[in-house]
Structure formats: structure tokens, C-alpha cells
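User: Please take a close look at the metal site of this model and at the ligand bound beside it. I should like one connected account, with the cut-offs behind each term.

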Amino acid sequence: MAKVSASILACDQTRIGEQVLEAERAGADIVHIDVMDGVYVENVTFGPQLVSDLKKITKLPLSVHFELVRPETFLPMFVKAGADYVTFQLDACPNPIHMIREIKKAGLKAGIGIGPAYDVESLRYLLKHIDGIILMSVEPGYGGQPFEESVYEKIQRAHEIMDEVGKHVPISVDGGVNEVTGRKLVDAGVDILIAGSSVFGAESITESVKILKAL
Ligand code: DX5
Ligand code: ZN
């Protein structure tokens with residue numbers, strides 16, 4: 001059984017609050033908020049005000065996923081807004097250990113994300129600094145993209161590297177997570193399923209959260 005992190009990218013953006021509350025009532029564990037800058041990825045998404053507004057209505061931890069360049073310049077706004085976790089993409093940050101220290105100095109949990117083209121081995125020397133990793137199974141930028149199967153072996157490899165380093169942090173998978181891929185991800189040892197379309201694009205948000213939680 002894995003935790004479920006509901007990615008609001010797939011919400012009806014006129015109804016984000018009520019849809020997040022439905023996911024919370026159904027048993028979602030985390031709210032996942034993608035922040036995109038139109039530079040690192042083509043798309044542009046949410047700002048700090050959404051984080052502070054969501055903070056007022058949900059008890060769930062707010063996990064901000066930076067899909068942007070120069071993450072250090074965006075951090076203070078999201079700290080102030082009440083983010084609980086900040087994850088940034090490794091290839092968007094030349095000095096990741098410094099960035100991790102800034103996140104932790106602000107009292108937040110720090111995560112690193114890698115896209116489907118990147119090797120999980122690149123996380124080895126960061127493990128001792130971080131609180132979690134996101135293995136992306138789609139290219140950053142959009143929901144609803146084809147799922148990259150390579151993530152299954154990356155989960156196993158991440159577990160091996162964590163054994164070798166002697167530190168385990170939760171492994172999240174982000175992109176194309178649904179009932180079918182989610183089952184295999186849980187079998188491969190994922191800790192957190194990040195799901196957008198399969199939760200907020202479903203006929204019933206409640207049912208889809210319950211299905212993922214039961215895997
Ligand atoms: C993609 C985002 C994901 C996105 C996943 O850049 O990081 O969080 O919401 O969407 P689905 O679950 O629809 O693939
Ligand atoms: Zn994401």
C-alpha cells in the first residue's frame with residue numbers, strides 16, 4: 001500500500017478547492033502542486049497564492065513540485081505561502097546541495113525530481129541531504145502523457161542505492177499513474193503515487209482515490 005498524492009494539475013481549475021477537499025475526504029494523503037515557469041517546461045501553472053489559499057482549507061500537507069529554472073529565486077514565496085515539501089528538478093539546478101540547504105533552513109522537507117531520461121544513479125550523493133525523491137514517469141510539463149515503463153526498474157535501482165548508502169527516503173512516482181500502472185509501481189516498491197488525470201479527470205474523484213489507496 002502506497003500513499004496517494006493528488007496532483008491538482010488535472011483539476012477543473014475553476015473548482016480546485018472543492019476537488020481537493022473531495023480527494024482529502026476520500027483518503028488522499030498529500031496535495032501535489034506543480035509550479036511551471038514556461039522556461040524549464042512550456043507550460044505555466046500555479047503561484048504562491050494558490051498554496052496559501054489551499055493551506056486555509058485543507059489539513060493535508062502541500063507538496064510543491066518546481067518544474068522551473070532558478071528554483072532558489074522562487075523558494076521564499078512558497079515558504080511564505082505555507083508549502084510543506086519542495087521538490088525541484090535536478091537538471092534545473094546547478095548547485096542542488098545548496099538549494100536543499102535553503103529549503104531545510106526554511107523548515108520544509110526537500111525533495112529532488114528527475115525526468116524519465118535521467119539515471120537514478122545521479123541521486124546517490126544527494127541522498128544523505130534529502131527527504132524524498134520523485135521519479136518522473138512522464139516528461140515534466142503536462143498531465144496525461146504516455147507512461148515511461150523504465151520507472152519500474154528505477155524504483156528497484158533506487159532501493160539498491162539507498163541500501164548501499166544506508167539511508168532510505170520515500171520514493172514517489174509522478175506521471176501516468178493509474179489503477180494499472182499503480183499496481184505495478186506498488187509491487188516495485190513505490191512509497192507515494194502522484195496522480196493527476198486518474199484522480200481529477202475521473203468520473204468520481206472519491207472512487208479513484210479509494211482505488212489507488214487500496215493497491
Ligand atoms: C507533470 C506533473 C505531474 C502531473 C501528472 O509535469 O509533474 O504532477 O500532474 O499528471 P498525470 O497524473 O495526469 O500524468
Ligand atoms: Zn508533479
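Analyst: The zinc ion (ligand 2) is coordinated by His32 through NE2, Asp34 through OD, His65 through ND1 and Asp174 through OD, at 2.1 to 2.3 Å. Donors here are N, O and S atoms within 2.8 Å of the metal (3.2 Å for Na, K and Ca), and sites may look incomplete because water is not among the atoms. This is a predicted model, in which local features need pLDDT of at least 70 and side-chain atom pairs count only at pLDDT 80 or more, while totals for chains, interfaces and linings use all residues. Residues are numbered from 1 along each chain as its sequence is written, chains are lettered from A and ligands numbered from 1 in the order in which they are written, and side-chain values use heavy atoms, with hydrogens and water left out.

The site of the zinc ion (ligand 2) has six donor atoms, with angles of 71 to 171° among them, and is octahedral; for six donors this term requires opposite donors over 155 degrees apart and all others between 65 and 115. Along the sequence, the donor residues follow the spacing H-x1-D-x30-H-x108-D. His32 and Asp34 are both buried, that is, under 20% relative accessible area (1.4 Å probe, protein chains only).

Asp174 also belongs to the surroundings of ligand 1: it is among the residues that come nearest, together with Ser7, Gly141, Gly176 and Ser197, out of 19 around this ligand. A residue is counted there if one of its heavy atoms lies within 4 Å. Polar contacts are pairs of N or O atoms within 3.5 Å. In the side chain of Ser7, an N or O atom is 2.6 Å from an oxygen atom of ligand 1. Backbone N or O atoms also approach oxygen atoms of ligand 1, at 2.7 Å from Gly176 and at 3.0 Å from Gly144. Of the 380 Å² of accessible area that ligand 1 has on its own, the protein covers 99%, by the Shrake-Rupley method with a 1.4 Å probe.

Strand S2 (30-36) and strand S3 (62-67) are the elements that give two or more residues to the shell around ligand 1, and S2 supplies the largest share, three residues. Strands are DSSP runs (E, at least two residues), numbered from the N terminus. By class, this shell holds six nonpolar, ten polar and three charged residues; Ala, Val, Leu, Ile, Met, Phe, Trp, Tyr, Cys and Pro count as nonpolar, Asp, Glu, Lys and Arg as charged, and the others, Gly among them, as polar.

Conventions:
Four donors count as tetrahedral if all angles lie between 85 and 135 degrees; four count as square planar and six as octahedral if opposite donors are over 155 degrees apart and all others between 65 and 115; anything else is irregular. Buried means under 20% relative accessible area, exposed over 50%, partly exposed in between (1.4 Å probe, protein chains only). A polar contact is a pair of N or O atoms within 3.5 Å; within protein, one must be able to donate a hydrogen and the other to accept it, and residues adjacent in sequence count only if both atoms are side-chain atoms. Helices (H or I, at least four residues) and strands (E, at least two) are DSSP runs, numbered from the N terminus.
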